[in-house]
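Work through the exercises below with the model open. Try each task before you read its solution.

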Amino acid sequence: MSKVVSLFNKAIWIIYHQGPMELIRRTWCYLRKHGLRGVLIYRSQAHNYNLWLRKEAGRIERQLLATLEDIARFPYKPTISIVMPVRNTDLIYLKRSISSVRNQVYPYWELCIANDGSDNKDIKDILESFQVEDKRIKVVNLPQRTGIVWATNAALSMATGEFVGFLDHDDELAPHALLQVVRWLNKQPELDVLYSDEDRIIGERRCEPFFKPDWSPDLLLSMNYIGHFLVVRRKLIQELGGLRPETEGSQDYDLVLRVTEKTNRIAHIPEILYHWRVTPGSVTNRSQSRTGALEAAQKALAYALERRELQGQVVQIGEGRYRIKYRAQGTPRISIIIPTKDKLYLLRRCVTTIQERSSYKNYELIIVNNESQDPATLDYLAFVQQRGICKVMPFAGQFNYAKINNFAVERAEGEYLVFLNNDTEIISPDWLDELLSYAQQKQVGAVGTKLLFPDNTIQHAGVIVGLGGVAGHAFYGLPASEPGYMGLATVTRNCAAVTGACMMLRRAVFEEIGGFDEELDIAYNDVDLCLRIIQNGYYIVWTPHAVLYHHESASRGHYQPERNIRYFCEKWRNFLKRGDPFYNPNLALDRSDFMIRV
């Protein structure tokens with residue numbers, strides 16, 4: 001009911017501020033993108049996950065039928081050691097957890113269990129009985145409670161496999177979990193780290209799936225998105241000295257931060273291989289334990305910054321979600337480039353809010369005037385030029401966004417470039433500081449902002465390549481206060497692209513890739529730029545902590561030439577075929593809210 005009220009209020013706002021035609025346009029865009037399918041099929045994540053599970057059950061069943069033949073053909077059959085610390089576990093859940101390992105269709109594993117001084121004597125008996133039944137199970141009974149870190153390290157000390165997987169004492173592995181890990185290792189035997197998607201078990205119900213992106217280093221610094229099922233080369237864990245007691249409660253987060261500092265040979269398996277059980281006694285349901293875990297995670301992130309020699313502050317922004325407030329180094333010159341044509345009310349607001357609201361002051365404003373005709377606009381441009389507020393550069397000829405910005409960069413002074421639409425309005429005073437703190441990092445190629453419509457719904461929260469067949473904005477239309485799927489609308493994360501409506505990058509990166517592709521004169525030039533940046537080994541970052549209003553396409557409209565679409569899709573045909581690595585293939589490509597694909 002609240003969703004209906006929210007939609008009604010939004011419709012009233014659009015009619016009042018932008019007119020009934022804008023409401024019709026947005027409704028038409030929604031129906032064109034989602035069709036009746038969006039209304040009839042996409043009811044909720046829970047509903048879609050039930051549909052997805054039915055379909056997935058059949059796929060897994062067919063997959064398991066060919067298992068023995070597949071395993072026989074594997075040239076590489078590593079032993080995987082599953083480590084499990086146990087402490088006063090519910091006996092039913094403990095048996096299910098151990099059985100989920102014994103039921104693995106891939107047979108080359110060992111289960112290393114450390115009983116951390118459990119008070120329940122039956123636990124020791126159950127572990128011993130499993131050990132007798134299956135020689136691949138190893139058990140050590142610690143005489144007294146040592147804590148999860150020491151217990152896990154005790155289990156690790158028994159491991160002999162080339163790889164180690166981590167399993168909590170009341171969780172379960174999917175029967176094909178190890179098989180899929182080894183399949184990936186046979187394709188890429190150099191891999192050091194593998195992780196998968198996961199869901200939760202509440203009672204007997206599977207729910208709350210987390211369909212994750214591929215390796216995303218900036219997202220990992222915002223939240224422990226890797227979680228389960230984590231498999232790491234044992235040699236790497238040994239070199240790091242195992243788990244560390246100073247991060248007890250978030251020792252797994254600390255480990256994955258340290259491991260991924262030592263290797264970039266990391267793979268994501270986009271399948272749910274791990275089932276995380278939520279029980280009354282689990283950390284997720286105990287406020288004291290939860291608080292301790294969140295504080296330990298904050299500590300693990302602070303250690304990570306120290307090791308990486310990065311200056312910044314770790315701030316908790318939600319449960320399990322963090323912001324790294326990096327400190328920008330120095331005050332380098334930033335060139336802010338704004339193409340414009342007439343529409344003085346937009347340009348004046350953009351320039352005024354930059355001047356009045358930006359805490360960072362070492363910038364130059366470059367307005368590229370693309371044949372404005374309005375006398376008031378021409379007077380304003382002359383005024384800001386004379387006062388030294390902006391540089392005004394005339395650009396003659398038909399509008400070509402890519403060519404205009406390339407033209408401006410050649411004449412800009414800044415070491416850093418900001419491409420900014422004239423229909424934007426600054427909200428966050430530290431927007432330039434935030435963008436600069438990421439653009440200065442050598443692995444970051446470009447960084448984008450959170451853009452809001454004037455009604456405080458999201459216009460841009462990163463770009464998903466492949467959305468709608470070409471590319472589209474994540475969380476489009478979501479209320480700005482909503483966290484989005486798994487909180488991803490609230491945290492800094494890596495994307496395939498960010499919008500050129502507000503984007504910062506180093507001039508050196510821009511020149512390295514050859515600037516904008518001028519064949520893409522109207523649309524997708526920003527996405528193309530970002531994909532070429534990724535091709536050159538950099539990451540694209542989206543931050544929700546630099547916020548602007550975007551009066552979207554108020555100056556140029558929503559026109560997307562067919563020639564741009566054809567050119568982009570042909571140029572990036574292979575990328576589109578493989579899929580956006582920062583968007584899970586189990587999520588829908590015909591809507592922007594990370595709905596499960598069915």
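The exercises cover ring pairs, charges over rings and unusual backbone angles.

This is a predicted model, in which local features need pLDDT of at least 70, side-chain atom pairs count only at pLDDT 80 or more, and totals for chains, interfaces and linings use all residues. Residues are numbered from 1 along each chain as its sequence is written, and side-chain values use heavy atoms, with hydrogens and water left out.

**Exercise 1.** Classify the ring pair of Trp52 and Phe211, then place both residues.

Solution. Start with the rule: rings of Phe, Tyr and Trp (its six-membered ring) pair if their centres lie within 6.5 Å; planes under 30 degrees apart count as stacked, over 60 as edge-to-face and the rest as tilted. The rule gives 19 aromatic pairs. For Trp52 and Phe211, the centres are 5.2 Å apart and the planes stand at 65°, so this pair is edge-to-face. Next, place the residues. Helices (H or I, at least four residues) and strands (E, at least two) are DSSP runs, numbered from the N terminus. Trp52 is in helix 3 (residues 45-65), and Phe211 is in the loop between strand 7 (205-210) and helix 9 (217-220). They are 159 residues apart. Last, check burial: buried means under 20% relative accessible area, exposed over 50%, partly exposed in between (1.4 Å probe, protein chains only). Trp52 has 7%, so Trp52 is buried. Phe211 has 2%, so Phe211 is buried.

**Exercise 2.** Classify the pair of Tyr485 and Phe594.

Solution. The ring centres lie 5.9 Å apart with planes at 25°, so Tyr485 and Phe594 are stacked. The two residues are 109 residues apart in the chain. Tyr485 is buried at 9%, and Phe594 is buried at 5%. Both belong to one aromatic cluster with Phe210, Phe475 and Tyr583.

**Exercise 3.** Which ring does the charged end of Arg200 sit over?

Solution. The test is that NZ of Lys or CZ of Arg is within 6 Å of the ring centre and within 35 degrees of the ring normal. Arg200 sits over the ring of Trp276, 4.4 Å from its centre. Lys187 sits over the ring of Trp184, at 5.7 Å from the centre.

**Exercise 4.** Inspect the backbone at Asn88, Glu309 and Phe229.

Solution. Most residues other than glycine have a negative phi, and most peptide bonds are trans. Asn88 has a positive phi of about 50° and is partly exposed at 35%. Glu309 has a positive phi of about 55° and is exposed at 73%. His228 and Phe229 are joined by a cis peptide bond, with omega about -5°.
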